[in-house]
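Visitor: I am new here and would like a tour. Could you show me the structure and take my questions one by one?

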Amino acid sequence: MALTGHARVSTPGQCLDPQLDALRKVGCGKIYENHAEGARAERPSLD
């Protein structure tokens, strides 16, 4: 069974690369990404 991961950053200056690398390293086949701003509750890629 493939793992599913979720990477998220909360400010425009942050980079998802370290999270994506870590998720791939543990075997995540599907990774959702969010570039959110602050404490928004919406997660469009998870809908």
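Guide: Gladly! A word first on the terms: helices, of at least four residues, and strands, of at least two, are DSSP runs numbered from the N terminus. Please keep in mind that this is a predicted model.

Visitor: In what order do the elements of the protein run from the N terminus on?
Guide: Start with the inventory: the protein has one helix and two strands. Strand S1 covers 3-9, helix H1 covers 17-25 and strand S2 covers 28-35. Read from the N terminus on, the order is β-α-β.

Visitor: Which residues make up the largest nonpolar core?
Guide: In soluble globular proteins, nonpolar side chains tend to be buried together. Here, strand S1, helix H1 and strand S2 each give two or more residues to the largest nonpolar core. Its seven members are Ala7, Val9, Leu16, Leu20, Leu23, Cys28 and Ile31.

Visitor: Is Val9 buried or exposed?
Guide: Val9 sits in strand S1. Beyond its neighbours within four places in sequence, Val9 is in contact with Gln14, Cys15, Leu16, Gln19, Asn34, His35 and Ala36. Its relative accessible area is 4%, and the cut-off is under 20%, so Val9 is buried.

Visitor: Which residues does Leu20 touch, not counting those up to four places away in sequence?
Guide: Leu20 is one of the residues of the largest nonpolar core. Ala7 and Ile31 belong to that core too. With residues up to four places away set aside, Leu20 touches Ala7, Ile31 and Glu33.

Visitor: What is the relative accessibility of Cys28, and is this residue buried or exposed?
Guide: Cys15 makes a useful contrast, being partly exposed with a relative accessible area of 44%. Cys28 falls under the 20% cut-off, so it counts as buried, at 13%.

Visitor: How many disulfides are there?
Guide: A disulfide would need a pair of cysteine sulfur atoms within 2.5 Å. By this rule the count is zero.

Visitor: Which side chains meet in a salt bridge?
Guide: The structure holds one salt bridge. Its partners both lie in helix H1, three residues apart, about one turn of the helix. The N to O distance is 3.8 Å, and the pair is Asp21 and Arg24.

Visitor: What share of the residues of the protein count as buried?
Guide: Some residues, such as Arg24 at 49% relative accessibility, count as partly exposed. To be buried, a residue has to be under 20% relative accessible area. Of the 47 residues of the protein, the share that counts as buried is 21%.

Definitions and conventions: Residues are numbered from 1 along each chain as its sequence is written. This is a predicted model: local features need pLDDT of at least 70, side-chain atom pairs count only at pLDDT 80 or more; totals for chains, interfaces and linings use all residues. Side-chain values use heavy atoms; hydrogens and water are left out. A nonpolar core is a set of buried Ala, Val, Leu, Ile, Met, Phe, Trp, Tyr and Cys residues joined through side-chain atoms within 4.5 Å. Buried means under 20% relative accessible area, exposed over 50%, partly exposed in between (1.4 Å probe, protein chains only). Contact means heavy atoms within 4.5 Å. A salt bridge is a side-chain nitrogen of Lys or Arg within 4 Å of a carboxyl oxygen of Asp or Glu.
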